[in-house]
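Please open the model in your viewer, with the sequence alongside, and follow the selections in the order in which they are given below.

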Amino acid sequence: MKGVTIYPIKLAHSDERRDILEMFNGDFDCKQVKILKVKKGNVLGNHFHHYKEIRYLLQGKIHYYLKNVKTEEYEEFIMNEGEVMITESYIAHTGEFLEDSVIIEGTEEKYVSAE
């Protein structure tokens, strides 16, 4: 889908001491990073932003429903552990959590809760 990029997290470096996994490197400007811990069965989102977001699924499995609000293009997919998703602005997103999940999420703008 145009406006959405999904890829497995990249191994940037590995040696006998550690593995360094690269979520992004220069292809995303981030002003806020959050860690979300979401229980199985919950549905979150059903909204869009006027800025880009990046998500890394550290643990779990999520069924995502995506819609470009400008073009009406629609896509569904399952996001698995170890995958990164970048959504451009105006991509409506809804996540149905198929397992208890931990997501690292970054935004191009400061996040302000509607609550």
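In this predicted model, begin by selecting residues 61-68, which form strand E7, together with residues 91-97, which form strand E10; the two strands pair in the antiparallel sense over seven bridges. Within this pair, pick out tyrosine 65, and you will find that its bridge partner in E10 is threonine 94.

Next, widen the selection to the open sheet of four strands, whose order is E5-E10-E7-E8 and whose pairing is antiparallel. The edge strands to add are strand E5, at residues 43-47, and strand E8, at residues 74-80, each of which pairs on one side only. If you look along the sheet from one strand to the next, the twist averages 20°.

Now move to residues 10-14, strand E2, and residues 19-22, strand E3, which run antiparallel and are joined by four bridges. These two strands, E2 and E3, form a hairpin with four residues between them. Select serine 14 there, and opposite this residue, in E3, stands aspartate 19.

For the last stop, select strand E11, residues 101-107, where threonine 107 is found. Is threonine 107 buried or exposed? Threonine 107 counts as buried because its relative accessible area is 0%, and the cut-off for buried is under 20%. Show its side chain as well, since a polar atom of that side chain lies 2.5 Å from the backbone oxygen of glutamate 109. Leaving aside neighbours within four places in sequence, the residues in contact with threonine 107 include Phe28, Asp29, Cys30, Tyr51 and Glu53.

Note on methods
Residues are numbered from 1 along each chain as its sequence is written. This is a predicted model: local features need pLDDT of at least 70, side-chain atom pairs count only at pLDDT 80 or more; totals for chains, interfaces and linings use all residues. Side-chain values use heavy atoms; hydrogens and water are left out. Buried means under 20% relative accessible area, exposed over 50%, partly exposed in between (1.4 Å probe, protein chains only). A polar contact is a pair of N or O atoms within 3.5 Å; within protein, one must be able to donate a hydrogen and the other to accept it, and residues adjacent in sequence count only if both atoms are side-chain atoms. Contact means heavy atoms within 4.5 Å. Two strands pair if DSSP finds at least two bridges between them. Axes are lines fitted to C-alpha atoms, for helices over the stretch in contact, and angles run from 0 to 180 degrees between N-to-C directions.
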